[in-house]
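Colleague: I am a first-year student and would like a close look at a single part of this model, the long-range layout of its chains and how they meet. Could you take me through it slowly, in one connected answer?

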Amino acid sequence: MRNIWAVTRQTFIQCARTRIIVVFCLLLAICILGTGFKMTGDGTLKGRIQTFLSYSTSLTQLLLCLVTIFLTTSIITSDIRHKYIFTVASKPLARWQYVLGRWCGVVGLMGLLLIIALGSIYLLSQHLRKQPTRIEREAESGLTQPKKPDLDRLGVENEIFTARDTHLPEPPDIEKVLRKKIKQLIEERGKDNLIRDHINKTVPDKAQAEKMLSHPDTRQQAFDQIESALREQIIEDAHLVRPGKAIVLTFTGLKPASADESLLQIRYKLNPFKSGKTTLAGAWQVVNPDGPTDPPMSRSESAKTTSSFMIAPRFVSEEGRLTVFYFNLQPETIVKIQPRDVVVLQRVGGFESNFARAGLLILIRLMFLAAVSVLFGVFLSFPITSLAVMMIFTVGTISAFLHDATRLPRQGEPSAFEYFSHYLVKGIFIAVPTFSRTSASDLLVDGEYIAPKTLIREYLVTFQQPGTDSGRFWKTINLEIQTGMGLRTLLALAVGWLIFRRRELAGIS
Amino acid sequence: MPANRNNDDVVRTVALTKIFRDFWLREKVAAVQSLDLNIRSGEVYGLLGPNGSGKSTTLKMILGLLYPTRGRVTVFGASPSDVRTKARIGFLPEESYLYPFLNANETLDYYGRLFGQPRRERKRRIGMLLDMVGLTGSAYRRIGEYSKGMQRRIGMAQALINDPDLLILDEPTSGMDPLAARQFKDLIKELSGRGKTLILSSHLLADTEDVCDRVGILFAGELRSEGTLEDLLNRASLTQIVTERLDDTTRDAVRRVLNQADKQVISIESPKDKLEALFLRIVRQAQVRHQTVDSVRTGELAEFLRASPQKTGRMVIEELLAKPETPATATEKPVVPPPSPTIRPKPDSGVIAELMGEAEEAKSPAPQPEETPPPPKIEQRTDKSVNRSVIDELIRGDGSEDR
Amino acid sequence: MLRERLIQLVMLLVAGAALTGAAMISRPIKSQRVELKLLTVTSDESIAKNPRTVLLQVAPGGLRAPMLSYLWMRSQQLKEDGKFFDAQQLRDLICDLSPHFPGVWAFHAWDMAWNISVATHTPEERWMWVSNGIRLLRDRGLYYNPDNLVLHKELAWIFFSKMGQRTDDMHMTYKRRWAGEMHRVLGAPPFSDSPDTAVEAIRLIVNAPYTLAKLNADAASADFVKRLAGCDVKPDDEFLNYYNLYSGAPLASPPKWLVKEPTDDKDKKIANLMQAEELSDARAKVLAFVRRKVLVEKYRMNPDWMLELMKLYGPMDWRNVNSHAIYWSTLGLHKAEGKGLSGINALNTGRTLLGGLKSLTRTGLVYCTYNPDNPEEPFVDFLPDCRFVEATHREYLKCGRILVKKPSGKPGRLDSSKNMLRDGHITFLSNAIQQMYFGGWEKMARYYYDQIRDEDVLNAKGDIYKRDLHGFIREKRRQSGVPTTEMSSALLTAALRRAYRALAGGNHDDYLRSRALARRVHREYRKSVAGKPRLKPPPFRKIERNFLGIMLVRPRAMGLEVPLITKANLYNALSPTMQQEIYPLVAERLRRQCQAERIDFNTAFPAPAKKN
């Protein structure tokens with residue numbers, strides 16, 4: 001343990017004495033101060049703080065990632081290239097201790113830099129928070145009296161300096177609807193007729209069809225097919241809001257007004273179904289199942305664009321339920337609402353602890369990159385190692401884009417190239433983590449709660465959405481199980497150690 | 001631990017073979033072949049050979065920096081990569097592979113930490129070692145700014161930080177001026193006197209000759225010859241008489257007496273100084289006038305480098321140190337000048353400058369052995385056919401085989 | 001050795017060949033860059049003016065394209081996620097990276113004004129994004145591409161369609177905001193039935209000096225500027241704030257009783273400068289100079305072009321967004337003339353012009369009332385304005401003639417099938433005729449009715465056009481299915497509404513004309529129901545009093561939005577007799593409203609003089 005600490009300490013000193021770190025620190029300071037004082041966002045205070053948080057945290061992350069890659073790579077490879085390792089390896093230091101010590105040193109230094117950077121970002125954001133909004137400025141100068149609520153201030157306090165958990169609506173009970181529908185169909189037409197129709201429709205050959213009809217197994221098969229087609233239909237229907245109709249979304253597990261007074265936010269995205277309309281007329285109504293109801297609020301919405309509005313906490317019932325109606329007021333266009341397109345956000349914690357967790361999200365990336373740099377650094381030269389790690393970093397960063405770009409087309413048979421690129425990218429991301437999956441800066445900008453389970457996902461393994469009774473409903477969403485970056489870090493370190501252990505440190509001399 | 005310090009083998013290699021492969025895993029160079037070595041506790045063992053003969057490779061296998069292709073190597077009865085083994089080894093590489101951005105103090109502190117030494121002990125040892133190698137005044141200078149000699153000294157200090165039982169020195173005197181080399185050799189002797197086992201590799205035969213108890217001569221990866229210096233160099237068939245200068249009459253008389261005893265006189269001549277001895281003598285005289293030094297060792301041997309219970313130990317060293325200045329011979333102790341480590345020597349005569357230059361160049365063409373005597377009895381272990389002429393050839397071999 | 005030399009030699013030759021090749025194509029590339037206007041760094045001057053743009057052109061080097069792609073993707077992704085905090089900066093950056101591609105400017109301006117704006121749900125945000133779109137095009141896109149038709153068309157389209165039409169549920173916000181901005185710069189045009197009055201008002205601005213030095217050449221102006229400087233006021237944007245606040249100019253300032261007396265010395269001095277009678281000439285000159293300056297520098301508008309348009313089309317009120325739609329579309333067409341007008345763009349731009357003119361006939365008359373709660377968003381009423389019928393008619397004819405022109409170059413007949421605009425033209429004129437008829441411009445209505453029927457003009461066939469004007473109007477009314485009683489009452493109300501809105505706005509001519517029309521409608525109706533006592537209306541005076549009562553107390557009952565200040569203006573413009581009649585009816589309610597809005601009731605609605 002002592003000698004790991006010795007290497008860690010030594011790494012710390014070594015990194016701190018390189019020029020590159022000074023340059024990066026300077027850059028970091030310029031970025032943070034520049035974004036804090038120069039960027040104005042969309043002109044609102046909320047926009048300014050969001051811009052600041054977004055740019056400062058992502059630039060911090062980017063710079064720290066780069067410096068991690070270059071430092072780790074350079075110290076490890078220079079140890080070998082300049083043969084410093086001869087002296088070190090002839091001391092009672094196991095190879096794994098060296099690997100771990102080096103990694104710990106870099107991560108420690110980066111952690112320290114991260115704390116300093118995030119600390120300054122935090123202080124600056126608090127400074128910005130104290131700036132007046134436009135309405136406050138006007139009120140101060142006595143020009144106008146604020147009559148309306150100061151949406152800017154509300155936004156700053158309720159959408160940024162908070163930690164809000166996301167609640168999805170209760171999924172509809174597909175199986176129940178299915179059973180009802182099947183029952184209805186059987187009553188109307190009789191099971192035999194249903195099966196007969198289905199087989200006749202799918203099998204053109206009459207003799208074959210007869211044969212199938214006579215066999216109980218094939219009959220059951222046909223019935224299953226009817227059922228699953230119906231299920232698909234119902235799932236599809238559950239997301240569609242036809243003109244003049246409404247969809248009811250129930251959210252549960254919220255905190256009642258008595259427990260939390262802060263405003264809730266509903267965030268949604270509406271998709272015109274098989275239509276190119278860009279604006280959609282609709283209305284929203286928020287209902288407390290036990291109490292007050294607001295009149296429907298009609299709005300014209302921008303299609304396929306996330307929109308939101310605030311909800312007063314009194315609409316949450318004592319059992320933590322909230323019902324939301326969406327009315328489609330379009331004369332013709334059907335609106336499609338995907339399962340994750342409507343969410344309710346409610347405050348569950350403070351900004352500070354969330355900010356700290358965002359720091360952990362950034363840290364795990366640095367840890368991973370340091371580990372990968374160690375892994376390659378123990379057997380490759382500096383240029384190759386840094387290039388390789390940079391590639392991994394870049395690919396990880398644009399993972400969302402790569403996934404989108406190589407998605408298999410929904411219609412038609414994909415070409416060989418499409419298959420190739422699709423599976424190639426899938427293969428790559430078995431090893432390379434998707435950095436873009438959880439972006440600390442995006443979460444901070446939205447004041448979204450970084451749940452322990454998010455951290456677990458990033459550090460250990462992905463837990464999929466817990467299956468509900470109508471599990472099939474969720475299966476339409478991409479189901480993915482992935483190891484987190486923490487596990488990959490450990491793996492990279494372990495592989496690095498294995499390679500390093502077998503590595504002969506002295507070549508021909 | 002002390003159990004191993006008796007006559008047990010500290011390092012043992014059995015049929016040790018190292019073959020380097022190229023990128024395509026084709027066998028390229030057989031650097032070491034079927035090497036059997038037994039290095040006993042407390043001895044100073046010299047690995048001799050021209051550049052590229054496999055000395056370094058052997059040492060690196062002993063250190064666990066290289067893995068044997070075939071054969072086995074044990075150090076203190078265990079694998080060289082065993083951490084507990086390494087705790088007892090000190091290693092001075094052929095060049096100073098030390099972090100240039102650390103100062104001497106930090107360097108020693110780092111390596112001390114790697115041995116898990118407690119803080120207080122580390123501080124004590126660092127102070128003593130720096131004092132010993134005369135770098136106390138430069139303790140806070142970055143090693144990158146050190147001269148080559150200073151780097152060797154701090155290298156030596158780091159090799160001694162753990163008070164090793166086995167000290168491995170790869171080309172310890174390479175790049176040193178003769179004075180420094182002399183002091184280095186004295187240090188080696190002193191350490192040996194304190195019961196350390198030392199392995200040193202060198203292609204400078206004079207170095208080896210002065211300090212080694214036993215040497216092995218490697219060529220092309222094979223051990224060609226091995227034995228104690230006594231065995232290897234002693235010409236039992238000859239007798240040398242050294243007297244005051246004889247006039248011709250006396251010479252003839254001596255010749256006659258010998259002839260009567262039926263002994264043939266091979267040569268009668270004035271003995272010549274060894275160049276090294278001459279150099280040392282001149283420098284020492286200069287030092288007395290200028291009191292400057294750039295030496296390996298200026299201070300007292302670090303006290304923690306513990307004495308061997310078997311050997312005369314500290315008393316011997318003190319005795320050695322106390323010896324008055326005598327005309328230099330090959331085995332003479334240098335005078336320890338008053339420490340003033342940061343000032344580099346300023347030889348004032350052109351002769352010295354010339355000599356210095358010669359000493360620098362003397363690295364590759366090894367000093368020629370004495371004039372062709374009849375072949376001595378050599379204890380031949382690995383290759384019976386090796387004879388003196390082979391050795392001559394080996395020794396003449398310059399850097400041409402250096403890879 | 002020989003081999004190495006050989007390799008060196010070959011490499012040298014390859015390098016030489018590559019260099020020669022590069023040198024050979026560099027000249028055509030350079031000339032193409034100039035031709036396609038891909039050069040930004042053309043002179044030291046341009047670097048000094050736009051260091052950022054020049055830096056962005058040069059610094060990223062070969063990374064400019066990937067950078068652009070990334071920024072573009074991010075901007076679209078953020079938009080989809082409903083995050084707009086960064087939208088404008090990203091778009092600025094994208095445009096700065098490719099300043100000479102009009103499509104890029106057009107796309108992003110459109111994206112902000114049309115897509116992002118509707119994704120927000122407060123008037124402030126909406127207006128912010130629409131004006132961001134305008135500014136991107138006007139202030140920056142047109143700066144780099146001054147002659148580009150597409151950019152002019154897009155800009156005109158935002159004014160015409162986004163702000164001018166009613167498709168956006170917050171269109172009134174845009175109209176009010178824009179009216180507020182322009183009112184601040186230009187004030188209201190003087191009211192007069194003669195179009196020349198408004199033109200003359202603009203001519204003052206056109207003739208104003210271009211530079212401060214020229215302004216100072218006039219001794220009185222120089223003195224005024226000096227006095228302003230003594231109060232730390234420069235003759236620019238800031239001057240307008242003080243002028244509008246303190247001058248009490250009826251066309252620019254809020255009602256006097258609403259303006260608080262300045263308290264500190266500096267403001268007192270400024271107020272004095274703005275009001276002093278003896279300085280009025282110098283003040284007017286400086287005002288014209290400042291108005292010109294702000295128009296040119298902030299709104300990038302050319303007063304000369306504005307004047308030309310007013311001479312051509314009529315007394316356009318620049319507080320009306322449609323005027324700006326016309327301005328930018330005509331300017332675009334003008335600048336692009338002779339530069340290979342691409343058909344579809346020219347046609348669309350022409351349509352915007354026509355649409356703007358048509359809208360002016362419906363909304364050209366603007367009444368702007370100061371809004372003390374939000375001076376940037378005044379209360380605005382838009383009323384039909386027959387003065388633009390002629391311009392629209394002429395434009396229709398012009399376009400129609402182009403459409404029917406024969407390949408030989410000879411003019412064709414306007415009623416030929418090639419005139420795609422003919423139906424629209426007839427519909428427009430029919431509506432305009434009714435509007436004029438009920439607005440009291442019967443003579444004008446008759447003229448256009450003849451134009452519809454004229455064989456050489458539109459040559460409209462059909463039974464309805466065989467009647468005389470009255471018959472035509474009656475038939476049109478019948479077709480719309482409104483019974484006479486309701487029709488009369490609606491007409492009466494509309495006329496009264498117009499009359500009193502005009503009175504409150506200070507437009508006396510329109511007041512008199514509209515009130516006369518209301519009287520006539522009342523008289524006619526009374527006559528028409530003479531035999532049916534049940535339907536007999538109350539006397540006009542009573543109707544008028546009731547109407548005023550409703551307008552002052554609860555205008556919403558008539559579907560009107562009348563702000564308190566307009567009410568006060570209206571009340572104060574009434575004849576003393578009418579004031580006496582109405583005061584007891586409305587005083588209590590108005591007092592309460594004044595209290596709610598923290599306005600001194602007795603100042604806004606002084607009690608009428610006692611009856612003698």
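Modeller: In this predicted model, the C-alpha centres of domain 1 of chain C and domain 4 of chain C lie 85 Å apart. Those two belong to a set of four, since the assignment for chain C lists domain 1 (2-36), domain 2 (182-339), domain 3 (385-480) and domain 4 (484-604). Chain A is assigned three domains, and its domain 1 is written in pieces, 1-161 + 352-419 + 495-504, while domain 2 covers 174-238 and domain 3 covers 240-349. Between the centres of domain 1 of chain A and domain 2 of chain A, again taken over C-alpha atoms, the separation is 56 Å.

Within chain A, a good place to pause is helix H3, which runs over residues 45-81 and has 37 residues. From its first C-alpha to its last, H3(A) reaches 52 Å, which is close to the 54 Å expected at 1.5 Å a residue. Of the 37 residues in H3(A), 31 are buried, and the helix is therefore described as mostly covered, a residue being buried if 20 or more other C-beta atoms lie within 10 Å of its own. Just after this helix comes Lys83(A), whose phi is positive, at about 65°.

Further along chain A there is an open sheet of four strands, in the order E1-E11-E4-E8, with antiparallel pairing. Strand E1 (163-167) and strand E8 (307-311) of chain A stand at the edges, and each has a single partner strand, so one side of each is left without a neighbour in the sheet. From one strand to the next, the twist averages 30°. Inside this sheet, strand E4 (residues 264-268) and strand E11 (residues 342-349) of chain A pair in the antiparallel sense over four bridges, and Tyr268(A) stands opposite Val342(A) in E11(A).

Both H3(A) and E8(A) return when we turn to the place where chain A touches chain C. That contact takes 22 residues from chain A and 19 residues from chain C. On the side of chain A, H3, strand E7 (297-302) and E8 each supply at least two residues, and H3(A) gives the most, with four residues. The residues of this side divide into three nonpolar, 15 polar and four charged.

Chain A also meets chain B, where 27 residues of chain B are in contact with 22 residues of chain A. The elements of chain B that give two or more residues to this side are strand E2 (27-40), helix H1 (55-63), helix H2 (83-86), strand E5 (89-92) and helix H3 (104-114). Among these, H3(B) gives the most, with four residues. Here the side of chain B divides into 20 nonpolar, three polar and four charged residues.

Chain B itself comes to 13 helices and nine strands, and 42% of its 403 residues count as buried. Of the contacts in chain B with a separation of 6 or more, 77% are between residues 24 or more positions apart. One residue to look at in chain B is Ile266(B), placed in the loop between helix H9 (248-260) and helix H10 (275-290). Ile266(B) counts as exposed because it has 9 C-beta neighbours inside 10 Å. Measuring C-alpha to C-alpha, Ile266(B) and Tyr140(B) are 59 Å apart in space, and they are 126 residues apart in sequence.

Technical notes. Residues numbered from 1 in each chain as written. Chains lettered and ligands numbered in written order. Predicted model: local features only at pLDDT ≥ 70, side-chain atom pairs only at ≥ 80, totals over all residues. Expected span 1.5 Å × (residues − 1). Buried ≥ 20, exposed ≤ 12 C-beta atoms within 10 Å, placed from the backbone. Pairing = 2+ DSSP bridges. Axes fitted to C-alpha atoms, helices over the stretch in contact; angles between N-to-C directions. Domains from an automatic or database assignment. Contact = placed C-beta atoms within 7 Å. Nonpolar A, V, L, I, M, F, W, Y, C, P; charged D, E, K, R; others polar.
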